Amino acid sequence: MSALLKKDWFGLGLVLIFGSILISLFKPAFISPFNLYVLMLSVSLMLVVAMSQMIIIAIGQMNLSVGAIGGLVAISFTGLMEVYSMSILPAVLIGLLIGLACGFINGYITVKTGISAFIITLATLYIFKGMNLGITEAQPFYEIPEAVKFFGNAKIFGPIPYLVIIPIIITVLMWILMNRTSLGRYMLAYGNNVQSSELIGISSTKIVIYAHVISGLLAAIGGMLVVCRLQLGTPNIGDSWLLPSFAAPVIGGAILAGGKVDVIATAFGVILVSIISQALVIFKIDPFFVQIFLGFMILLAVFINRYREYREERRTKVFSDE
Amino acid sequence: MSDYILELNNITKNFPGVKALDNANFRLKKKSIHALLGENGAGKSTLIKIITGVYNQNEGKLFLNNQEKSFSSPNEAMNAGISVVHQERNLIRRFSVGENLMLTNLPKNNLGLIDYNTVAKESKKWLDIMELDIDPNTIVSDLTVAKMQLCEIAKALSLESKILLLDEPTSSLSPQDTKNLFALLKRLVAEQDVSIVFVSHKLEEVFEICDEVTVLRDGKNACESEQITNLDRQKLVKLMIGRDEQIIKSKKNIDFTEENLLDLQSINTDLGHKNINLNLKKGEILGLYGLVGAGRTELIKCVLGLDKINSGQILLNNKEIKIKSPKDALEKYKIGYISEDRKKEGLILMHDVLSNAGITVWSNLKKILSFLNDSIVYNKVDPYVKQLEVKTPSYQQIVSNLSGGNQQKISVAKWLASGTDILFIDEPTVGIDIKTKSYLHELIIELSLKGTSIILITSDMPEMISLADRIITMKDFKVVGETINNHNYEEMSSSIMGNIHE
């Protein structure tokens with residue numbers, strides 16, 4: 001039990017369960033099939049975006065260009081299908097390739113220059129976004145194949161949308177990556193302590209580039225899933241991703257200095273943010289409050305993290321020897 | 001075929017403007033513990049960095065098992081069997097002990113995924129060899145500093161290292177942990193075919209466990225692979241500093257019936273101090289002795305307002321005071337604090353020497369002039385920096401580029417310049433060479449003769465007995481003894497240890 005309490009996802013899970021029960025007691029509409037369907041859609045999309053940021057947080061960096069990559073891939077994906085009448089599969093593959101390339105550029109420049117990823121991805125954010133606007137001239141693409149529309153809006157059974165399949169697979173793969181593979185463990189080791197991981201032969205170049213490539217791929221998938229959902233490719237896809245992409249991992253106990261992320265807790269963070277956004281709608285509270293609420297959630301999560309670290313430091317300091 | 005596992009012949013290493021090593025030799029015998037000694041700046045660190053592949057020498061050759069080698073990175077040296085044991089720095093703190101030990105070669109199952117049962121089992125082997133009773137699933141950050149260090153050694157063994165370099169391994173260990181570490185090192189040398197290079201400023205330790213000694217002075221060998229049995233403390237010190245050691249003793253007569261300058265009455269704190277009573281006279285050096293973890297530094301921090309005092313009073317000149325912060329202590333009550341952890345608390349590493357040394361005088365000078373310029377700060381600070389022989393190319397040098405000893409000197413210099421009435425000094429000479437140590441001792445005594453009252457925390461018993469006028473012993477966050485110092489080492493140390501082990 002005490003081992004469970006130490007896990008980041010456990011406390012969050014409790015908050016989710018009790019919060020949901022509480023909300024549905026006041027507003028039974030919260031657990032109506034339609035509402036659950038909408039909830040799952042929003043969780044699905046943000047889950048991929050959050051994972052895309054989380055892997056960069058794991059190595060102690062930030063990726064500000066997550067949304068810009070997602071947007072660029074989204075309009076490339078739709079553009080290829082509309083303008084060049086490309087079929088779905090090759091368009092998806094090219095979309096993934098663009099995400100991979102964007103991630104590679106971020107990682108390569110960061111590791112080769114030694115400049116912080118914050119600065120590099122701030123620059124590439126504008127480059128990717130600029131390419132997006134240059135290609136689209138700020139006009140959306142509307143011609144989307146029926147299969148894509150279907151995937152984004154149909155239900156498997158009950159209120160469960162097809163759209164959840166990919167994000168769930170991604171979450172499982174991410175958990176395996178971060179907990180059961182050398183690559184994932186080396187990323188966390190690198191995020192914990194760059195010097196000592198280099199000393200035992202972990203290549204910084206490899207770790208940083210892999211993390212950014214995976215981040216780029218996930219952002220690309222996120223962008224294409226949004227296209228499925230919206231049934232069109234607009235140039236502003238991804239514009240609002242930045243804040244929630246940090247919120248979910250941080251609420252899930254991630255430390256921005258690196259070396260600590262929790263995949264399950266991040267997923268719970270996404271669900272929590274989505275539930276809160278929706279509860280505010282159900283209670284007819286002005287949607288602008290969602291942003292304010294999100295801000296406070298991040299502050300709260302950061303305070304809790306800081307408090308834990310403080311406790312940990314003090315314990316090791318006072319009882320360092322006896 | 002020689003019986004040396006590692007040989008460095010005629011090594012020269014140049015840095016811009018400095019010859020760090022000049023034809024230095026170092027030979028490590030198989031299965032021996034070899035002390036590498038020298039003052040700060042004598043070239044020890046440079047030699048170690050050449051052995052571990054951080055630097056390459058300009059001249060000279062390195063042989064490992066009679067084969068000439070040249071390492072281009074620390075990782076290469078490690079793969080060749082050479083590991084540096086730091087105090088905790090090489091572990092991933094949020095990973096388990098087992099995962100840390102196996103990190104370079106994590107065992108996988110059929111699916112290619114990490115098998116944590118095997119990780120625990122394999123790593124347990126190495127912990128068992130060291131007779132370490134640690135569960136491999138423990139997270140490193142939950143361990144004590146001493147255990148972390150032992151895990152570092154276990155990690156080096158798991159990497160099949162045949163040469164271990166231990167750099168100041170005991171500087172934050174209690175006497176008991178030090179004893180355990182030494183027993184372990186001796187066993188490793190005897191049973192595991194390991195050779196050890198031991199770097200320390202504590203000569204007692206060198207005599208206790210080392211077989212041979214190499215001393216560097218100004219980048220040259222002052223002696224090379226000398227049998228420890230041929231040396232004594234005086235000879236060794238002379239080799240290191242080039243002259244005889246001066247033993248400094250404080251010769252003062254404090255009138256203990258005089259009024260208290262600072263008086264702590266029945267202090268209980270948030271950190272667990274129980275009923276602390278303690279007083280300080282004008283011009284007195286009051287020593288606080290105790291093992292690491294006795295709560296000495298923590299007490300000072302509570303007094304300075306960094307942690308909470310739950311009950312009790314602090315009197316300054318018989319008037320009750322409430323100190324809110326170290327800044328408050330300095331500006332309102334002229335109480336200064338020289339921290340033990342100079343990296344974290346004492347200095348702003350990214351700033352230059354002048355602004356660090358001058359930081360404490362700023363607020364005083366500002367009142368008079370309402371603005372500051374460098375030359376005013378310079379005039380205040382310069383005499384102390386000179387007196388301490390801080391080796392810096394200029395006052396504009398960034399502090400983080402100086403050696404550890406020089407950083408310590410600057411953190412002391414800034415307090416000397418500030419003109420405080422009461423000074424808390426915490427472990428002033430950890431990691432400092434003998435020459436600087438005696439300068440610091442002279443300064444502390446001189447300061448007290450001029451009327452500054454000092455509370456001195458040190459775990460170095462000889463230092464305590466040569467400096468303090470009165471010694472308070474602490475244990476488990478309580479005061480367990482008070483002795484007036486008669487500067488007789490035998491008598492005082494047995495009386496203090498008696499207080500601790502009662």
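Student: In this predicted model, how many bridges join β9(B) to β10(B)?

Tutor: The two strands run antiparallel. Among the facing pairs, V215(B) stands opposite C223(B), and L216(B) is set against N221(B). The count of bridges joining β9(B) to β10(B) is 5.

Student: Which residue in the turn of the hairpin formed by β9(B) and β10(B) has a positive phi?

Tutor: The hairpin leaves 2 residues between its strands. One residue in that turn has a positive phi of about 50°. That residue is D218(B).

Student: In what order do the 6 strands of the open sheet in chain B stand?

Tutor: The pairing in this sheet is mixed. β6(B) (82-85) and β10(B) (220-227) each have a single partner strand, so one side of each is left without a neighbour in the sheet. From one strand to the next the twist averages 15°. The order is β6-β7-β8-β3-β9-β10.

Student: Which residue of β9(B) is the bridge partner of H34(B)?

Tutor: H34(B) lies in β3(B), which comprises residues 33-37. 4 bridges join β3(B) to β9(B) (residues 212-217), and the two run parallel. The partner of H34(B) in β9(B) is E212(B).

Student: Which residue of β8(B) stands opposite A35(B)?

Tutor: β3(B) pairs with β8(B), residues 195-199, in the parallel sense. This pairing extends over 3 bridges. Opposite A35(B) in β8(B) stands F198(B).

Student: Why is β3(B) described as largely enclosed by the rest of the structure?

Tutor: In a regular strand, side chains alternate between the two faces of the sheet. I33(B), A35(B) and L37(B) are buried on one side of β3(B), and H34(B) and L36(B) are buried on the other. Both faces are therefore covered, and the strand is largely enclosed because its buried residues number 5 of the 5.

Student: At about what angle to β9(B) does helix α8(B) run?

Tutor: Helix α8(B) consists of residues 233-241. This helix lies across β3, β9 and β10 of chain B. Its angle to β9(B) is about 30°.

Student: Within what arc do the buried residues of α1(B) fall, seen down its axis?

Tutor: Helix α1(B) spans residues 44-51, and its buried residues are K44(B), T46(B), L47(B), I50(B) and I51(B). They line one face of the helix, because the arc that holds them is 165°.

Student: Which residue with a positive phi follows α1(B)?

Tutor: The phi in question is near 80°. The residue that follows α1(B) with this value is G53(B).

Student: Which helix gives the most residues to the side of chain B that touches chain A?

Tutor: The contact takes 26 residues from chain B and 21 residues from chain A. α2(B) (74-79) and α5(B) (145-158) each supply at least two residues of the chain B side. That side divides into 14 nonpolar, 7 polar and 5 charged residues. With 3 residues, the element that gives the most is α2(B).

Student: Which helix supplies the largest share of the largest nonpolar core?

Tutor: This core has 160 residues, of which A58(A) and A211(A) touch the most other members. A58(A) touches A211(A) itself, and also M178(A), M187(A), L188(A), G191(A), G258(A) and V261(A), not counting residues up to four places away in sequence. The largest share is 17 residues, and it comes from residues 204-230 of chain A, helix α11(A).

Conventions: Residues are numbered from 1 along each chain as its sequence is written. Chains are lettered from A and ligands numbered from 1 in the order in which they are written. This is a predicted model: local features need pLDDT of at least 70, side-chain atom pairs count only at pLDDT 80 or more; totals for chains, interfaces and linings use all residues. A residue is buried if 20 or more other C-beta atoms lie within 10 Å of its own, exposed if 12 or fewer, and partly exposed in between; C-beta atoms are placed from the backbone. Two strands pair if DSSP finds at least two bridges between them. Two residues are in contact if their C-beta atoms, placed from the backbone, lie within 7 Å. Ala, Val, Leu, Ile, Met, Phe, Trp, Tyr, Cys and Pro count as nonpolar, Asp, Glu, Lys and Arg as charged, and the others, Gly among them, as polar. A nonpolar core is a set of buried Ala, Val, Leu, Ile, Met, Phe, Trp, Tyr and Cys residues joined through C-beta atoms within 7 Å. The arc is that of the directions from the helix axis to the C-beta atoms. Axes are lines fitted to C-alpha atoms, for helices over the stretch in contact, and angles run from 0 to 180 degrees between N-to-C directions.
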